[in-house]
Amino acid sequence: MADARPRRPARPREEVFATARAAIAEHGLAKLTMAGLGKQLQMSAGHLLYYFGSKDQLLLETLRWSEDQLGARRHEALADHALDPWQRLDAYLRLYLPEGPGDPRWILWIEVWGRSPASAELRQGQQDIEAPWQSDLASLVDEGSAAGHFTPGPTADRATQIRALLDGLAVPVALGLPGARLDAALAHAAAVAGILLRA
């Protein structure tokens, strides 16, 4: 005899990712259980594991979803040719850095970085997710150099240096360390980018 109980529809992936991002940002991945997340979503832990396989995979897919959302905003800002390259660089810096302490997107990044030494899958996923940030910044540096706004120089190296600076400034802000403020991080990032790119 067929089971007459109504089946609960599966949650949209976006809802799973949004709930996972909030839970990871609040408690960290180590304290997140698939059972606890499933309870929040009214899904079974087995259902989540069927779709994601592991907490590491859930973390990676949640980060990818989060970055895809921000990527659309980044593309829009960098494609706005009503702004000069310096203004578009400023928009890039603001999108890259965390919005403040506990920024869920940055807490996901910190979790991925902490776990990736033990996981080739996380390392590869991290590189794939970071690549558009590098590519978009390199394209902006090329364009600004060609137009005479930025000094000529090695594009990929300068983009890498700016992103490394941003990562270093972002983590203390995201963690809420004493003295780490977004306005100061933006000022430092703009100053160093100016030294690297000033024509």
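## Ground rules

Helices (H or I, at least four residues) and strands (E, at least two) are DSSP runs, numbered from the N terminus. Take Glu26 as a first case: Glu26 is found in helix α1, which covers residues 13-27.

What you're looking at is a predicted model, where local features need pLDDT of at least 70 and side-chain atom pairs count only at pLDDT 80 or more, while totals for chains, interfaces and linings use all residues. Residues are numbered from 1 along each chain as its sequence is written, and side-chain values use heavy atoms, with hydrogens and water left out.

## The big picture

The protein has 9 helices and 0 strands, so reading from the N terminus on you get α-α-α-α-α-α-α-α-α. Along its principal axes, the C-alpha trace spans about 75 × 35 × 30 Å.

Of the 199 residues, 43% count as buried (buried means under 20% relative accessible area, exposed over 50%, partly exposed in between, with a 1.4 Å probe and protein chains only). Now for contacts (heavy atoms within 4.5 Å): among those between residues at least 6 apart in sequence, 70% join residues at least 24 apart.

## Helix α8 and its neighbours

Helix α8 runs over residues 155-175, which makes 21 residues. From first C-alpha to last, α8 reaches 31 Å, close to the 30 Å expected at 1.5 Å a residue (the expected span is 1.5 Å times one less than the number of residues). Right after α8 comes Gly176, with a positive phi near 70 degrees.

Which residues of α8 are buried? They are Thr155, Arg158, Ala159, Ile162, Arg163, Leu166, Asp167, Leu169, Ala170, Val173 and Ala174. It helps to know that an α-helix has 3.6 residues a turn, so residues three or four places apart point the same way. The cover over the buried residues of α8 includes α5 (85-96), α6 (104-115), α7 (120-146) and α9 (182-197).

## How helices cross

Start with α7 and α8, whose axes come within 9 Å and cross at roughly 125 degrees. (Axes are lines fitted to C-alpha atoms, for helices over the stretch in contact, and angles run from 0 to 180 degrees between N-to-C directions.) That makes α7 oblique to α8; angles under 35 degrees count as roughly parallel, over 145 as roughly antiparallel, 65 to 115 as roughly perpendicular and the rest as oblique. The crossing of α7 and α8 is right-handed (a crossing is left-handed if the near helix is turned anticlockwise from the far one by less than a right angle, and right-handed if clockwise). On the α7 side, the residues are Glu130, Trp133, Gln134, Leu137, Ala138, Val141, Asp142 and Ser145, and they meet Thr155, Ala156, Arg158, Ala159, Thr160, Ile162 and Arg163 of α8. By class, this contact has 7 nonpolar, 4 polar and 4 charged residues (Ala, Val, Leu, Ile, Met, Phe, Trp, Tyr, Cys and Pro count as nonpolar, Asp, Glu, Lys and Arg as charged, and the others, Gly among them, as polar).

Next up, the axes of α5 and α9 come within 11 Å and cross at roughly 140 degrees, and the two helices are therefore oblique to each other. Their crossing is right-handed. Trp86, Leu89, Leu93 and Arg94 of α5 make the contact with Leu186, Ala189, Ala190, Ala193, Gly194 and Leu197 of α9. These residues divide into 8 nonpolar, 1 polar and 1 charged.

## The α2–α3 corner

The axes of α2 (residues 34-41) and α3 (residues 45-52) come within 8 Å and cross at roughly 105 degrees, and that makes α2 roughly perpendicular to α3. Here Met34, Ala35, Leu37, Gly38 and Leu41 in α2 meet Ala45, Leu48 and Leu49 in α3. The split is 7 nonpolar, 1 polar and no charged.

In the loop between α2 and α3 sits Gln42. Most residues other than glycine have a negative phi. Gln42 isn't a glycine, yet its phi is positive, about 60 degrees. Gln42 is also partly exposed, at 46% relative accessible area.

## Three residues to find

Is Glu26 buried or exposed? At 60% relative accessibility, Glu26 counts as exposed. Its C-alpha is 8.8 Å from that of Ile107, although the two are 81 residues apart along the chain.

His75 belongs to helix α4 (residues 55-78) and is partly exposed at 44%. From His75 to Leu48 it's 27 residues in sequence and 32 Å in space, C-alpha to C-alpha. Arg115, in helix α6, is partly exposed at 30%. Not counting residues up to four places away in sequence, Arg115 touches Leu29, Asp56, Leu59 and Leu122.
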